[in-house]
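Trainee: Could you take a close look at one part of this model with me? I would like to follow its aromatic rings.

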Amino acid sequence: MRTIIAMAALLCANFINAQAFNGKGDTKLQIGATVQDGGTGIVATTDFGLADNLSFGFSASYMLSADDILGQEADFGDRADVKARLNANIGNIFGIGDQFDVYPGLDLGLRNFGGHLGFRYFFSDGFGLYTEGGIPIATYKSNPEGFDKYNNQFVWQIGVSFNF
């Protein structure tokens, strides 16, 4: 019984020490799945801490399953997107715990200028889960049609987050 209690205490201590965002010098890598109208895919993002509540990074995504449009299959250029991103890491402002981070942000990509809202929860100093939703604010084409719609709509992500 004492062994079980000791293991539980160690596990809880590990959760308490996990910190979702450390500020300047912090580095995060996230790998996840994307879900949007017309297909699903994979995404990798990285964020680098600039200040106590500010980070910048990059995102690369690729649609693995994209619906055909008018009998045409999406090519690589239609499926891929790359973005630069800026986040306001405000989890500590709300006082919701060191393991949890909330980060609204802006991104500038190959297809649009957009915004996102994400949440991270770290189980340990190095591993956690995240979810993020993104929307386009302004598209480069005034009326996106066909495959251009794939990267100009609401996208939901879910996956794992690593702290370096």
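Mentor: Happily! Let's start at F123, which is partly exposed at a relative accessible area of 30%; that label covers the range between buried (under 20%) and exposed (over 50%), with a 1.4 Å probe and protein chains only. Y121 is also partly exposed, at 31%.

Keep in mind that this is a predicted model, in which local features need pLDDT of at least 70 and side-chain atom pairs pLDDT 80 or more, while totals for chains, interfaces and linings use all residues. Numbering runs from 1 along each chain as its sequence is written, and side-chain values use heavy atoms, without hydrogens or water.

Now the setting. Strands β5 (residues 100–109) and β6 (residues 112–122) pair antiparallel over 9 bridges and form a hairpin with 2 residues between them. Strands are DSSP E runs of at least two residues, numbered from the N terminus, and pairing takes at least two DSSP bridges.

The whole structure holds 7 aromatic pairs (Phe, Tyr or Trp rings, the six-membered one for Trp, with centres within 6.5 Å; planes under 30 degrees apart are stacked, over 60 edge-to-face, the rest tilted). F100 and F119 are stacked, at 6.2 Å centre to centre and 25° between planes. Because F100 sits in β5 and F119 in β6, this pair ties together parts 19 residues apart in sequence. F100 is partly exposed at 25%, as is F119 at 32%. The Y121 and F123 rings have centres 5.2 Å apart and planes at 75°, so they are edge-to-face. Together with F127 and F162, Y121 and F123 form one aromatic cluster.

Notes:
Helices (H or I, at least four residues) and strands (E, at least two) are DSSP runs, numbered from the N terminus.
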